[in-house]
Amino acid sequence: MKYTLQTRRSPGRPLDLDKELNPEQRAVVLAGGGPMLVIAGAGSGKTRALTYRVARLLADGVPADRLLLCTFTNRAAREMLRRVEELCGVDTRALFSGTFHHVANLLLRRYHDRLGLPEGFGILDREDARDLLGACLEAEGSPLLSQKRLPQPRVLASLLSRAVNSDVGVADAVNRHAPRFADVADVIARIVDRFAARKAAMGMVDFDDLLLLWKTLLVEHADVATELRDRFQHVLCDEYQDTSRLQGELCDLCAAGHCNLMVVGDDAQSIYSFRGADFRNILEFPARYPDAAVHKLETNYRSSPEVLELANRSITHNRAQHPKVLKAVRPPAERPALVPLADVYQQAEFVAQRLLELHQAEGVPLREIAVLYRNHAHALELQVELTRRKIPYV
């Protein structure tokens, strides 16, 4: 099937999707309406597919202000829309796009009066919210505070955020994530109530309130819910594997009725559970939408066949998953080495020894060697070992 978009980058000449996209991506871009789950493996060009999907909807006549695009970062949204404008010459400024928090802020500014918020309400950043929680802890005046039986502001803020994003009560969040504080859950509940009252008195909301109040608009204000569902004819969500329970619910509520909901993600890449992400959103999508179309992007443009072989074999061990097999476009390369080690100390010794072998035996300059790690805290043992062996590093 041949499909073209008229584009301003070359007036009078169409953009040929058969040349611009692979068959997997093209199927996503050209799919009809209704619920759609796109399982996008690593390096499979899912941003490209999502961008062309938006461009195709606009080229087919869907007004920009009738699209809702939720992305993991605002920068990702800006890059997608910039590319969309290049493709089809449509002004995308009217399109609701960005992170869930950004979109929520836009909507709350419009409907603030329905929620009892002042027109110019302020937003507490995470540090300010922790400070205010600390003041509420002090105001409790409980002897439990001096006995260090109450959570510190940082821990309390995390628990409160977990409760909101998991769509559970504070007591449930305490029992699940900090059971050591279960016996003081009633005191924590009072502190949370005081926190909410102080925010209201100040005309402020925090980041989690943005999402919670967006849901309130959709659940408790039927006229607003109808208006938003009519407005957002298509709802698209990127990095769906890293959405929280509440964010997943917001997608469902906004698409209720027409069900033109497209979600893109990969259950094998969900790494933000510590921030409330719930990969059950993507795993259970076909159960929530039995008539959903499921597309898979399995052509990988990033890694060698040897790396993908290791990745595919590793992923097969996941107990719950959407099965897929990544296929390489790049030519064969060196096989990766999988090295089982006893602990972080042995790991640091191994890495340092391998650095010396590369440098001394194979002549690789140290400045051309990089060590990657997930979290900066994981570098401590390695830094100690490099220092002990007098290996300079940055």
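**A walk across the strands**

Start by selecting Met36 and Met262: Met262, in strand S9, is the bridge partner of Met36. Keep in mind as you go that this is a predicted model.

Now widen the selection to the strands around that pair. Strand S3 covers residues 36-40, and its pairing with S9 is parallel, over four bridges. Colour S9 itself, residues 261-265, and check how covered the strand is: five of its five residues are buried. Turn the view to look at each face of S9 in turn. On one side you will find Leu261, Val263 and Gly265, on the other Met262 and Val264, and all are buried.

Next, select strand S8, residues 234-237, which runs parallel to S9 with three bridges between them. A good pair to display here is Cys237 and Val263, since the two stand opposite each other.

Stay on Cys237 and add Cys70, which stands opposite Cys237. That brings you to strand S4, which pairs with S8 in the parallel sense over four bridges. Select residues 67-70 to see S4 whole; Leu67 and Leu69 lie on one side, Leu68 and Cys70 on the other, and all of them are buried.

Which residue of S5 stands opposite Cys70? Show Gly98 and you have the partner. Strand S5 spans residues 96-98 and joins S4 through three bridges, again in the parallel sense.

For the last stop, move to the surface and select Asp125, Glu127, Asp128 and Asp131, which together form a negative patch. One of these, Asp131, belongs to helix H6, so named for residues 126-140.

Notes
Residues are numbered from 1 along each chain as its sequence is written. This is a predicted model: local features need pLDDT of at least 70, side-chain atom pairs count only at pLDDT 80 or more; totals for chains, interfaces and linings use all residues. Side-chain values use heavy atoms; hydrogens and water are left out. Patches are made of residues with over 30% relative accessible area and no salt bridge: like charges are joined within 9 Å, nonpolar side chains (Val, Leu, Ile, Met, Phe, Trp, Tyr) within 5 Å. Accessible areas come from the Shrake-Rupley method with a 1.4 Å probe; for residues, only the protein chains shown count as cover. A salt bridge is a side-chain nitrogen of Lys or Arg within 4 Å of a carboxyl oxygen of Asp or Glu. Lys and Arg count as positive and Asp and Glu as negative; His and the chain ends are not counted. The place of a charge is taken as NZ of Lys, CZ of Arg, CG of Asp or CD of Glu. Buried means under 20% relative accessible area, exposed over 50%, partly exposed in between (1.4 Å probe, protein chains only). Two strands pair if DSSP finds at least two bridges between them.
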